[in-house]
Amino acid sequence: MEGQERLRWPSEGAIAEILGARLKKLRSEQGLDQTTLAAHLGVSKSSIAKYESGIHTPSVTVLVRLARTLGVSVDALLGTAAGGPPPLRDPRLLRCLREISQMEPKTFDYVITVLEALVDAYPMLFKAAAQRTGREGR
């Protein structure tokens with residue numbers, strides 16, 4: 001593009017370092033160890049260690065799985081998202097998430113599917129309940 005200043009993109013090494021630091025922080029905040037996270041993603045523990053140390057970067061597929069498993073966007077995982085949701089602080093929810101994260105992969109997928117269905121149905125269910133009781137939803 002003539003006449004335009006060339007954008008400066010971070011190097012692959014810089015991205016790997018940022019990703020590694022964010023991954024380690026998010027994993028630790030959620031009470032996950034490398035072995036558990038690796039099992040959920042279908043990769044080895046050593047792969048997680050290499051991602052966290054910035055030695056390797058995950059494939060796009062694994063990057064998307066990481067973001068979804070850790071409950072963040074890919075941008076947030078790469079440290080490029082502005083703002084983002086506040087950190088989880090409710091101890092009951094954190095305990096449940098830790099327990100879910102320790103489940104066998106098939107059970108884990110089932111529980112996540114059920115939770116997603118509840119979250120997706122919540123607005124409709126809450127509105128219907130509020131109408132029956134004469135109260136408005138939040």
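Residue Y110 is located in helix α7, which spans residues 105-133. In this predicted model, Y110 counts as exposed because its relative accessibility of 57% lies over the 50% cut-off. Together with V114, L115 and L118, Y110 makes a nonpolar surface patch of about 380 Å². Helix α7 also has the lowest mean pLDDT among the elements of the protein, at 82, whereas α3 has the highest, at 95. For the protein as a whole, the mean pLDDT is 83, and 79% of the residues reach 70 or more.

The secondary structure comprises 7 helices and 0 strands, so that the order of elements from the N terminus reads α-α-α-α-α-α-α. Of the 138 residues, 22% count as buried. The protein exposes about 10400 Å², of which 58% is supplied by carbon and sulfur atoms. When contacts between residues at least 6 apart in sequence are considered, 52% of them join residues at least 24 apart.

The interior was examined next. The largest nonpolar core contains 16 residues, and those with the most contacts inside it are L37, V43, I48, Y51, L66 and L77. At least two residues of this core are supplied by each of α1 (12-29), α2 (34-41), α3 (45-53) and α4 (60-70). The greatest contribution is that of α4, with 5 residues. For L66, the contacts beyond its neighbours within four places in sequence are with L23, L37, L41, Y51, P58 and L77. Three of the residues listed for their contacts inside the core, namely L37, Y51 and L77, are thus among the partners of L66.

A further buried position is found in helix α2, where H40 lies. H40 is classed as buried because its relative accessible area, 18%, is under the 20% cut-off. Apart from residues up to four places away in sequence, H40 touches I100, S101, Q102, M103 and F108. Of these partners, F108 falls within the residue range of helix α7 (105-133).

Charged side chains were then considered. Side chains of opposite charge can pair when their charged atoms come close. A search of the whole structure finds 4 salt bridges, including the pairs described here. One of them joins E29 and K25, with the closest N and O atoms 2.6 Å apart. Both residues lie in helix α1, separated by 4 residues, or about one turn of the helix. E29 is partly exposed, with a relative accessible area of 41%, and K25 is likewise partly exposed, at 44% relative accessibility.

Another salt bridge is formed by the side chains of E52 and R27, at an N to O distance of 2.5 Å. This pair links distant parts of the chain, since E52 belongs to helix α3 and R27 to helix α1, with their positions 25 residues apart in sequence. Both E52 and R27 are buried.

The side chains of E116 and R68 also meet in a salt bridge, with N and O 2.7 Å apart. Here too distant parts of the chain are linked: E116 is in helix α7 and R68 in helix α4, 48 residues apart. E116 counts as partly exposed at 32% relative accessibility, whereas R68 is exposed, with a relative accessible area of 62%. Helix α7 therefore carries both the exposed Y110 and the partly exposed E116.

Technical notes: Residues are numbered from 1 along each chain as its sequence is written. This is a predicted model: local features need pLDDT of at least 70, side-chain atom pairs count only at pLDDT 80 or more; totals for chains, interfaces and linings use all residues. Side-chain values use heavy atoms; hydrogens and water are left out. A nonpolar core is a set of buried Ala, Val, Leu, Ile, Met, Phe, Trp, Tyr and Cys residues joined through side-chain atoms within 4.5 Å. Buried means under 20% relative accessible area, exposed over 50%, partly exposed in between (1.4 Å probe, protein chains only). Contact means heavy atoms within 4.5 Å. Accessible areas come from the Shrake-Rupley method with a 1.4 Å probe; for residues, only the protein chains shown count as cover. Patches are made of residues with over 30% relative accessible area and no salt bridge: like charges are joined within 9 Å, nonpolar side chains (Val, Leu, Ile, Met, Phe, Trp, Tyr) within 5 Å. pLDDT is the predictor's confidence in each residue, from 0 to 100.
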